[in-house]
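Let's take a walk through a protein together, looking at charged pairs and then at empty spaces. Keep the picture handy as you read.

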Amino acid sequence: MNTEKNIVKIENLVKRYKELVALDHFNLEIKEGEIFGLLGPNGSGKTTTINCLLSLLTYDKGNIEIFGKEMRPDSYDLKKQIGVVMQNVAVFDELTVYENIDYFCGLYISDKKLRAKYVEEAIEFVGLDDFRKFYPKKLSGGLLRRLNIACGIAHKPKLIILDEPTVAVDPQSRNNILEGIVKLNKEGATVIYTSHYMEEVEQICTRIAIMDHGKNIALGTKDELKQMIKKSESIHIEVPMLSEKDLENIKHLPNAYQVSYDGNNLEILFSSGNQNIIIVLEYFKQNNISFGQVYSELPTLNDVFLEITGKELRD
């Protein structure tokens, strides 16, 4: 029996924009304590799902529960427990870093003493202490993103929704943001995380859903998702010369299902097996084929995404 509590439960959700079906009987459950990755190509329904979840959009059919209660436009008791950090930075240019965080925290926390404590903790959390008197226009892209996060989480929400929080930031700021998300989760927050950066999702998310055409087409841990696709390993070899006969023989090696040879680079995709590289190198040895660098790659979340959706990633 699964005793984990649902923080989010979406049942049979339908949202239409005239002839366009943005959400097509969409279902999703997110458990307490998860960092849940919500992925999909542009136009797949991710943003519509989030807006319906926050009751910012009406929908045609279905039911949404948050913390076990129906989510409605006037569910202010639920909304107080949610923090939202959208892709587009939403802060006030005329307010300083401190004043921005204080303002957004004040929307939920009326007690001035408690609010001041929360604001200080948010500033410390995102590492903006040296910039508390700065105005947003004086901040770099990475610092601005961190301010945006501080404004969304200062009131200590139980559910945090982060929509592309690392877009257009430098690697140092990106690492800082990802470490912060994991820390928030360890402190008790459930997180919904959307991103086009598959390596980020693979790094921090405990479970992942892939959407397309308004439907949930794959769901599981990263390892469970990788087991859903054909590719189990790819082997890359530098080969100066390879005859058509050898190329054809390699295509018929056990478990090989796709072979490409471009210039000096040979790539072999395998559907199973744990000794594929030994088999390939043994063939090369028996047939006196010279080769250079050899390396093997296991499937990534990006491979899963592309095989399941059939689409390139887009910003």
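Is Glu121 buried, partly exposed or exposed? Keep in mind that what you're looking at is a predicted model. Glu121 has a relative accessibility of 28%, and anything from 20% to 50% falls in the middle class, so this residue counts as partly exposed.

Now see who Glu121 pairs up with. Side chains of opposite charge can pair when their charged atoms come close. Here the partner is Lys117, and the closest N and O atoms of the salt bridge are 2.7 Å apart. Both residues sit in helix α4, which covers residues 112–126, and they're four residues apart, or about one turn of the helix. Lys117 is partly exposed too, with a relative accessible area of 44%. The story doesn't stop with two residues, though: Lys117, Glu121 and Lys156 are joined in a network of salt bridges.

Let's move along to another pair. Arg132 and Asp129 meet through their side chains in a salt bridge, at 2.7 Å from N to O. Asp129 is partly exposed, with a relative accessible area of 46%.

What about Glu200 and Arg174? Their salt bridge has its closest N and O atoms 3.1 Å apart. This one ties together distant parts of the chain, since Glu200 belongs to helix α7 (residues 198–204) and Arg174 to helix α6 (residues 171–186), with their positions 26 residues apart in the numbering. Glu200 and Arg174 are both buried. Altogether, the model has 14 salt bridges.

Time to hunt for gaps. Rolling a probe the size of a water molecule over the atoms shows where empty space is left. How many cavities of 30 Å³ or more does the structure hold? There are two.

The largest cavity contains about 70 Å³ of space. Its lining includes Phe125, Arg146 and Ile181. Helices α4, α5 (141–153) and α6 each give two or more residues to that lining, and α6 supplies the largest share, with five. Six of the lining residues are nonpolar, two are polar and one is charged.

The second largest cavity has about 40 Å³ of space. Among the residues around it are Val8, Leu28, Phe36 and Ile192. Two or more lining residues come from each of β1 (6–17), β2 (20–31), β3 (35–39) and α1 (46–53). The largest share, three residues, belongs to α1. This lining has nine nonpolar residues, one polar residue and no charged ones.

Definitions and conventions: Residues are numbered from 1 along each chain as its sequence is written. This is a predicted model: local features need pLDDT of at least 70, side-chain atom pairs count only at pLDDT 80 or more; totals for chains, interfaces and linings use all residues. Side-chain values use heavy atoms; hydrogens and water are left out. A salt bridge is a side-chain nitrogen of Lys or Arg within 4 Å of a carboxyl oxygen of Asp or Glu. Buried means under 20% relative accessible area, exposed over 50%, partly exposed in between (1.4 Å probe, protein chains only). On a 1 Å grid over the protein atoms alone, a cavity is a set of points where a 1.4 Å probe fits but cannot get out, and a pocket is an open set with protein on both sides within 12 Å along at least five of seven lines; lining residues have an atom within 4 Å of a point. Grid points are joined across faces, edges and corners, and a volume is the space filled by probe spheres set on the points. Ala, Val, Leu, Ile, Met, Phe, Trp, Tyr, Cys and Pro count as nonpolar, Asp, Glu, Lys and Arg as charged, and the others, Gly among them, as polar.
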